[in-house]
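Work through the exercises below with the model open. Each task is followed by a solution in steps.

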2 protein chains.
Amino acid sequence: MEQSITDLCKEFGLRLTGPRRIIMQVLFDSSDHPDVVELHRRVTAIEPTISLATVYRTVNLLREKGVLERHTFGDGRARYETTPREHHDHLINVETGSVIEFQSEEIERLQEEIARKHGFAIVSHKLEIYVRPLKRGRGRT
Amino acid sequence: MEQSITDLCKEFGLRLTGPRRIIMQVLFDSSDHPDVVELHRRVTAIEPTISLATVYRTVNLLREKGVLERHTFGDGRARYETTPREHHDHLINVETGSVIEFQSEEIERLQEEIARKHGFAIVSHKLEIYVRPLKRGRGRT
DNA sequence: TCTCAGATGCGTCGCATTCGCAAAAAAGGT
DNA sequence: ACCTTTTTTGCGAATGCGACGCATCTGAGA
């Protein structure tokens with residue numbers, strides 16, 4: 001993991017600095033979809049002097065390089081995850097805010113088809129399904 | 001149309017005020033997906049004294065009531081459309097920012113299936129396909 | 001070790017949106 | 001129409017997220 005951080009920086013011509021190492025470490029250790037403030041919390045737990053601005057700059061850099069993906073899940077602020085090797089979309093539990101990943105070849109295929117029918121090629125896409133548990137204690141609207 | 005605005009206000013217990021009437025008029029007359037500033041432009045073309053805050057308050061109110069839908073299409077600001085009677089999703093042309101609506105029963109069905117498999121019921125969902133025009137050797141551009 | 005482009009921290013700025021408050025205006029009863 | 005009550009409005013200030021400018025610091029190659 002240390003090694004891959006070193007390699008990534010080398011590959012993209014980025015300096016392997018202290019803050020950057022820690023931020024990347026935190027990113028790669030996170031399996032959820034933290035926002036920048038949460039990342040900053042995790043980072044400053046390790047090294048308290050790292051500024052929020054640096055976290056912003058780092059996630060932007062890594063996103064440009066394709067290392068991270070950014071999502072927005074309705075709540076206005078951006079959340080990040082390391083780019084998965086297989087594309088997936090998200091189920092968002094509206095009661096807890098937790099995110100579940102899923103894949104559907106079929107939906108992907110249909111999207112392609114729709115875009116093509118309209119004379120377009122897909123650049124990217126975003127499918128978010130906001131859900132609530134199926135239990136009997138159904139909530140109000 | 002005047003009538004339906006009156007009815008809507010009555011139905012939701014909202015006062016039918018001057019600004020509100022004009023803002024709703026503009027909303028119902030818009031077939032695109034304007035953002036709040038654009039709405040304010042259209043509204044103040046009719047009645048220049050209406051403030052931006054009132055437009056914000058009105059769209060929020062109407063969204064809570066289910067009269068409007070809000071979208072975010074990546075660019076940071078919210079855009080609105082009157083709730084369509086038939087649900088549709090969006091193709092966003094990344095080169096022009098223009099939005100095309102589409103429907104796919106099939107995708108809807110697959111989403112239901114996925115949610116159910118994970119033990120959830122769908123509250124809402126959002127599918128945005130970011131596209132660019134297909135280049136072709138000849139024919140229209 | 002020296003050098004210097006790249007990186008950082010801090011403070012500030014910008015944009016979209018929300019809030020607080022006093023004044024204005026709508027619905028309801030008389 | 002007039003008063004009363006409650007909602008709405010306009011204004012300006014405040015928020016929140018994110019980006020930026022700049023002086024300072026630092027990693028890594030010579």
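**Exercise 1: DNA strand D**

Of the 19 residues around DNA strand D, those that come nearest are A:A78, B:R15, B:R20, B:T54 and B:R57. The model is predicted.

Task: Find which part of DNA strand D the polar atoms of B:R15, B:S51 and A:L16 approach.

Solution.
1. Start with B:R15: a polar side-chain atom lies 2.7 Å from a base oxygen of DNA strand D.
2. For A:L16, a backbone N or O atom lies 3.2 Å from a phosphate oxygen of DNA strand D.
3. For B:S51, a polar backbone atom is 3.1 Å from a phosphate oxygen of DNA strand D.
4. Two or more residues of the surface near DNA strand D come from each of α4 of chain A and α2 (18–29) and α4 of chain B. The largest share, four residues, is that of α4(A).
5. Sugar or phosphate makes up 68% of the atoms of DNA strand D within 4 Å of the protein, and bases the rest.

**Exercise 2: DNA strand C**

Task: State which residues are closest to DNA strand C, and which element gives the most to the surface near it.

Solution.
1. DNA strand C is surrounded by 19 residues, the closest being A:R20, A:T54, A:R57, B:Y56 and B:A78.
2. Sugar and phosphate account for 64% of the strand C atoms that come within 4 Å of the protein.
3. Polar side-chain atoms lie at these distances from a phosphate oxygen of DNA strand C: A:T54 at 2.4 Å, A:R20 at 2.6 Å and B:N60 at 3.0 Å.
4. The element that gives the most is α4(B), with four residues.
5. By class, this surface has eight nonpolar, five polar and six charged residues.

Notes: Residues numbered from 1 in each chain as written. Chains lettered and ligands numbered in written order. Predicted model: local features only at pLDDT ≥ 70, side-chain atom pairs only at ≥ 80, totals over all residues. Heavy atoms only, no water. Near = heavy atom within 4 Å. Polar contact = N/O pair within 3.5 Å; in protein donor to acceptor, adjacent residues only side chain to side chain. Nonpolar A, V, L, I, M, F, W, Y, C, P; charged D, E, K, R; others polar.
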